[in-house]
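Good morning, everyone, and thank you for making room for me today. Please bring up the chain on your screens, and I will walk you slowly through a few places in it.

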Amino acid sequence: MSSVPQIKVPATYIRGGTSKGVFFRRQDLPEACQEPGEARDKLLMRVIGSPDPYGQQIDGMGGATSSTSKTVILDKSTQPDHDVDYLFGQVAINKAFVDWSGNCGNLTAAVGAFAISGGLVDPARIPENGICTVRIWQKNIQKTIIAHVPVTNGEVQETGDFELDGVTFPAAEVVIEFMDPADGEGSMFPTGNLVDDLEVPGVGTFKATMINAGIPTIFVNASDIGYTGTELQKDINGNAEALARFETMRAYGAVKMGLIKDIEEAVARQHTPKIAFVAPATDYEASSGKQIGANDIDVCVRALSMGKLHHAMMGTASVAIATAAAVPGTLVNLAAGGGAREAVTFGHPSGTLRVGAAAEEVNGEWTAKKAVMSRSARVLMEGFVRVPGDTF
């Protein structure tokens with residue numbers, strides 16, 4: 001029986017928002033994995049435990065969900081007036097690929113803290129006590145993100161009393177600003193419309209708002225697809241037929257948004273776009289048993305990530321929700337009661353989240369100016385991950 005020794009790679013395992021991921025400094029990766037390519041992808045997949053036909057990622061750091069099959073690579077920024085370059089890789093669970101097509105908003109909450117602790121931020125910019133403003137260049141989408149990280153006695157403060165639905169324990173609050181979050185130039189509505197008719201052969205035709213802010217997202221009305229907008233994971237994720245229908249809708253929406261040319265390409269682009277459904281505010285019981293009242297929220301939203309209903313809400317999709325809510329006439333805005341707004345509180349399977357957003361119409365084109373939300377982050381483990389030496 002042949003054997004190869006394992007190699008050790010410096011890494012940190014961090015919870016950011018309602019996600020968890022393995023964080024690396026680019027300089028700590030094996031030389032062959034410091035640049036884009038097959039070697040890097042193979043390393044990250046082996047670290048996470050993919051591809052796993054059992055769907056469990058037992059032989060890796062992943063947790064067998066879209067929220068826990070994540071990797072981050074950080075480096076000193078090459079961009080003027082930025083501290084750190086942030087690259088996110090969503091690792092597929094049962095397939096051999098890493099999706100680099102979008103950002104992870106939840107793990108963004110941990111980027112600033114890791115950058116400070118990892119020596120990627122100029123020490124002169126770190127206060128002894130107070131808030132350190134970390135200027136992040138998000139390489140996947142080529143956008144600026146500002147993280148406001150609390151610092152106590154010269155070290156990142158991780159514990160505190162800020163509570164985030166979907167996370168069991170309180171922690172320190174990290175305020176995140178997504179600057180100009182729409183991807184690309186011009187209108188953040190790639191079809192040019194606030195609402196489109198999305199034709200899905202074999203499924204139906206649905207009203208849809210397709211937006212490119214935070215992350216490309218397709219919104220449909222819950223009532224149009226037989227849902228109430230109060231569903232939990234157990235109501236959808238065990239239904240293979242429903243999941244297949246959502247994936248078909250997502251694929252046709254991706255084509256209409258110009259993200260892919262043919263629906264077959266959606267298989268290799270699972271991270272984007274997201275698909276979500278909205279409904280007017282109503283009472284429901286969150287997955288924790290917490291009672292959410294219609295008066296607590298403006299709108300109900302449920303979103304799928306990597307083919308499954310998310311247990312809470314993706315950070316980037318939260319930006320899409322808030323931005324769409326800020327534009328009168330979108331399905332999200334209408335479900336929230338219509339009219340102009342600068343913030344929205346939405347209900348998701350784990351509870352509620354408030355996100356601020358600013359959008360403006362210039363010469364008939366809508367653009368997103370900024371979205372703001374509070375998250376938290378905490379280091380769970382640091383040291384080394386090990387992979388077999390013949391991984392890449």
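Let me begin with a question: where is the place of Asn 103? Asn 103 sits in the loop that runs between strand S5, residues 98–99, and helix H2, and before going further I should say that what we are looking at is a predicted model. Asn 103 counts as buried because its relative accessibility is 1%, and the cut-off for that word is under 20%. If you look for Ile 141, you will find that 38 residues separate it from Asn 103 along the sequence, while their C-alpha atoms are 6.7 Å apart in space.

Now let us turn to the pockets. The largest pocket holds about 840 Å³ of space, and of the 41 residues that line this pocket, the closest to its centre are Ile 93, Ser 305, Met 306, Gly 307 and Lys 308. At least two lining residues come from each of strand S2 (19–25), strand S4 (84–91), helix H4 (240–256) and strand S17 (308–309), and the largest share, five residues, is supplied by H4. When the lining of the largest pocket is sorted by class, there are 13 nonpolar, 21 polar and seven charged residues.

The second largest pocket contains about 320 Å³ of space, and 24 residues line it, with Thr 12, Phe 114, Ser 117, Val 379 and Glu 382 the closest to its centre. Here strand S1 (6–16), S2, helix H2 (105–117) and strand S21 (377–388) each give at least two residues to the lining. By class, the lining of the second largest pocket is made up of 14 nonpolar, five polar and five charged residues.

Since H4 has already come up as a contributor to the largest pocket, let us follow this helix from end to end. Just ahead of the helix is Asn 239, which caps the N-terminal end of H4, with a side-chain oxygen 3.1 Å from the backbone nitrogen of Glu 241. H4 has 17 residues, and the distance from its first C-alpha to its last is 24 Å, close to the 24 Å expected at 1.5 Å a residue.

Which residues of H4 are buried? They are Ala 242, Leu 243, Phe 246, Met 249, Arg 250, Ala 251, Gly 253 and Ala 254, and as you read that list it may help to keep a general point in mind. An α-helix has 3.6 residues a turn, so residues three or four places apart point the same way. After H4 comes Gly 258, whose phi is positive, near 80°.

A second helix to look at is H5, residues 315–325, where 11 of its 11 residues are buried, including Gly 315, Val 319, Ile 321 and Ala 325.

Next, please find strand S13, residues 274–280, which is mostly covered, with six of its seven residues buried. In the loop between H4 and S13 you will meet Pro 273, and the peptide bond that leads to this proline from Thr 272 is cis, with omega near -5°. S13 pairs with strand S12, residues 215–221, in the parallel sense over five bridges, and within that pairing Val 220 has Phe 277 of S13 as its bridge partner. S13 also runs antiparallel to strand S16, residues 299–305, and six bridges join these two strands, with Val 299 of S16 as the bridge partner of Pro 280.

There is another cis peptide bond to point out, between Ser 50 and Pro 51, where omega is about -5°, and Pro 51 lies in the loop between helix H1 (38–48) and strand S3 (70–76).

I will finish with two loop residues that have a positive phi without being glycine. The phi of Asp 180 is near 45°, and Asp 180 belongs to the loop between strand S9 (174–179) and strand S10 (196–200). Asn 363 has a phi of about 55°, and its loop connects strand S19 (351–362) with strand S20 (365–375).

How do Asp 180 and Asn 363 stand in accessibility, then: buried, partly exposed or exposed? Asp 180 counts as partly exposed because its relative accessibility is 39%, whereas Asn 363, at 77%, counts as exposed, since that word applies over 50%. Thank you for listening, and please feel free to bring your questions to the discussion.

Key
Residues are numbered from 1 along each chain as its sequence is written. This is a predicted model: local features need pLDDT of at least 70, side-chain atom pairs count only at pLDDT 80 or more; totals for chains, interfaces and linings use all residues. Side-chain values use heavy atoms; hydrogens and water are left out. On a 1 Å grid over the protein atoms alone, a cavity is a set of points where a 1.4 Å probe fits but cannot get out, and a pocket is an open set with protein on both sides within 12 Å along at least five of seven lines; lining residues have an atom within 4 Å of a point. Grid points are joined across faces, edges and corners, and a volume is the space filled by probe spheres set on the points. Helices (H or I, at least four residues) and strands (E, at least two) are DSSP runs, numbered from the N terminus. Ala, Val, Leu, Ile, Met, Phe, Trp, Tyr, Cys and Pro count as nonpolar, Asp, Glu, Lys and Arg as charged, and the others, Gly among them, as polar. The expected span of a helix is 1.5 Å times one less than its number of residues. Buried means under 20% relative accessible area, exposed over 50%, partly exposed in between (1.4 Å probe, protein chains only). A polar contact is a pair of N or O atoms within 3.5 Å; within protein, one must be able to donate a hydrogen and the other to accept it, and residues adjacent in sequence count only if both atoms are side-chain atoms. Two strands pair if DSSP finds at least two bridges between them.
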